[in-house]
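Could you walk me through this protein, stop by stop, while I have it open in my viewer? I'd like to know what to select next and what to look for there.

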Amino acid sequence: MSILLKSLAPLSLFFFFFTFGNSRLPKIPLILFFNGGEYEYYKAVHNPNEAIKHEKEYRGRWELVSENSGVSAMHIIIMPNSNKAIMFDAAGFGPSEISLPAGDCRRVLDSRQEVEVYELDCWAHAVEFDIDTAAIRPLKILTDTWCSSGGLSANGTLVQTGGWDEGGRSVRYFNGCSSCDWEEYPISLSGLRWFSTQHILPNGNFIVVGGRRMFNYEYVPKAGSSNKISYALSFLQETSDLVENNLYPFVFLSTDGNLLIFANNRSILLNPTTNKVVRELPVLDGGSRNYPASGMAALLPIKLNDRNPNVIRAEILVCGGADPRAGKFVQKGIYATALQDCGRIDITNPKATWRKEMMPTPRIMGDMVILPTGDILMINGAKEGTAGLNFAEDPNITPVIYKPDNPITRRFMELKETKIPRMYGSTSTLLPDGAVLVAGSNPNYYYNFTGVKYPTELRVEKFYPPYFDPERVSDRAVITSNYMGGMVNYKRNFVIEFQVKKARVNPSDLKVTMYAPPFTTHGFSMGQRLLELAITELKIVESELFRVEVAAPPTAEIAPPGFYLVFVVHAGVPSSGIWLQIA
């Protein structure tokens, strides 16, 4: 029997944006290649709003690690205490490039028939990807995960919500064992959560916000239970326009326990305990920022160096996006230039306003990855058009690093470009060694590898940021402590031992960071946060071996319970991370 290919009706999920000043002064580069990376010299004077090209700056390197991931990675997350990433697509996109084990096909209802008829789908739509060897193991998804959401629970289980059609109310669980597969509950949610956002709360529960025509939110119930109610949020209806532009809202847990919810160009703080809106922030002008306008956003690193602050500051950065009329333009075959501006605001300051900055190039459908150093990597996407199926042009193949602590004129730097366009449906995620895994891209209906401008992309790359400069090897620390299976408690100090090829370590050159690995899809990394821990003591143990004592985060509002990667950053170069659980 033929495999049912579920039809995907065209969606009115398109978007656009207007051009910000793109004029540039001429650059006269001299490029030297070294060990797969680049050193680049610039002799031109630069506009202060453009990327700063530092003299003799290593711009990173790319490595192709797999020719075939089996499925296109529309969604991606790394699993704790393992070397595995989970990648998956939509269950209705037809045959993938990897089949399910013999005899383990899924039954699919054939909606074309007047009576209840099922066909068998024997293709996998999710895989477990080994980040060291690129080996893949097929996983069996039962309901459609197209444009869904997710996050790691306090015990390290992947909790995954929503999707398309029969998957809209589903909650799925994957605990990461070597032989495990998905566990699904298809009627758990009260609403159809398609293009919604999920975030962990201080109590370890999850909130799911929005979705297409879902102007509300709800809390993920216990496995096997079903929600009866949701909570209306008029803000989501107010921010929906002719082409929506408020899907996959940006959601961040602030340091005071409130949730920042950003949709289109507006944002509010919501108290998830009282379910009341605390306040609305100023409008971020310039265009729309959420799907289908698909800008990028991240919570900037939370610094815990002050042991007794009155307020622990939380800032967000929002970059790129589209003109709110973009969807209408695309329907006429017009691809407008993406937004090039960024807005930055302190969400813990009631009087704060947005401060604008300019990226080196326009970008839509990009990802923001917080690096262990606290810098922000902007990667993937396009310079023209809109998110969606075949609605973008001019791939933005040049990653950009943003250094939030630098003077405003020296925050952006362009890095080594890739040769693989990463358009709609592409993803990226930070790996324990500090590299970035980059995968996916499928702006087509179904899987299409020939006869189209941007084929379905199954190749997987790793990008090595500038701190992998071969000349900086001696600055890279190696953590010798092993917290595998161990737990750290809030407000308690803990010790990390590390080796580095130095006679001594200057305390001003050292920081310890703690990273929550996110669930990434459609240009947003749900639950991503990085903390810079307070160092209480630094000792020399023996030659080239050091011991640093740090203070754990004080509360679950600062660091929700769960698994984190801990890095020792020496002279701007991070170690490989170790997994640590906090509770």
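Here is a short tour in five stops, through a model that is predicted.

**Stop 1: the nonpolar cores**

Start by selecting Met87 and Met378. These two have the most contacts inside the largest nonpolar core, which has 143 residues. Now add strand β46, residues 562–570: this strand gives the most to the core, with 7 residues.

Go back to Met87 and show what surrounds it. Leaving aside residues up to four places away in sequence, Met87 touches a group of residues including Ser69, Val71, Ala73, His75 and Ile76. Its contacts also include Phe129, Leu437, Ala439 and Val460, so keep them displayed for a moment. Then select Val209, Tyr217, Ala263 and Leu270, which are among the 15 residues of a second, separate core.

**Stop 2: an open sheet**

Next, colour strands β10, β9, β6, β5, β41 and β42. In that order they make an open sheet of 6 strands with antiparallel pairing. The edges are β10 (136–139) and β42 (524–526), each of which pairs on one side only. Look along the sheet and you can follow its twist, which averages 20° from one strand to the next.

Zoom in on one end of it. Strand β41 (residues 519–521) pairs with β42 over 3 bridges, in the antiparallel sense. To see a bridge pair, select Thr520 and its partner in β42, Ser525.

**Stop 3: a hairpin with a covered strand**

Select β19, residues 250–253. In a regular strand, side chains alternate between the two faces of the sheet. Which residues of β19 sit on each side? Phe250 and Phe252 are on one side, Val251 and Leu253 are on the other, and all of them are buried, which leaves both faces of the strand covered.

Add β20 (residues 259–263), which runs antiparallel to β19 and is joined to it by 4 bridges. Phe252 stands opposite Leu260 in β20. The two strands form a hairpin with 5 residues between them, and in the turn you will find Gly257, with a positive phi of about 95°.

**Stop 4: a buried serine in a loop**

Now move to Ser188, in the loop between β14 (183–185) and β15 (197–200). Is Ser188 buried or exposed? Its relative accessible area is 3%, so Ser188 counts as buried. Display its neighbours too: apart from residues up to four places away in sequence, Ser188 touches Arg169, Val171, Pro221, Ser225, Ser226 and Asn227.

**Stop 5: salt bridges**

The model has 28 salt bridges. Begin with Lys140 and Asp104, whose side chains meet at 3.0 Å, N to O. Lys140 is in the loop between β10 and β11, and Asp104 is in the loop between β6 and β7, so this pair ties together parts that are 36 residues apart in sequence. Lys140 is buried, at 18% relative accessible area, while Asp104 is partly exposed, at 27%.

Then select Glu128 and Arg137, which form a salt bridge with their closest N and O atoms 3.1 Å apart. Glu128 is buried, with a relative accessible area of 6%.

Another pair to show is Lys403 and Asp375, at 3.2 Å, N to O. Here Lys403 is partly exposed, at 22%, and Asp375 is buried, at 13%.

For a last view, select Arg313, Glu315, Arg344, Asp346 and Arg355 together: they are linked in a network of salt bridges.

Methods: Residues numbered from 1 in each chain as written. Predicted model: local features only at pLDDT ≥ 70, side-chain atom pairs only at ≥ 80, totals over all residues. Heavy atoms only, no water. Core = buried A, V, L, I, M, F, W, Y, C linked by side-chain atoms within 4.5 Å. Buried < 20%, exposed > 50% of the residue type's maximum accessible area, 1.4 Å probe, protein only. Contact = heavy atoms within 4.5 Å. Pairing = 2+ DSSP bridges. Axes fitted to C-alpha atoms, helices over the stretch in contact; angles between N-to-C directions. Salt bridge = Lys/Arg side-chain N within 4 Å of Asp/Glu carboxyl O.
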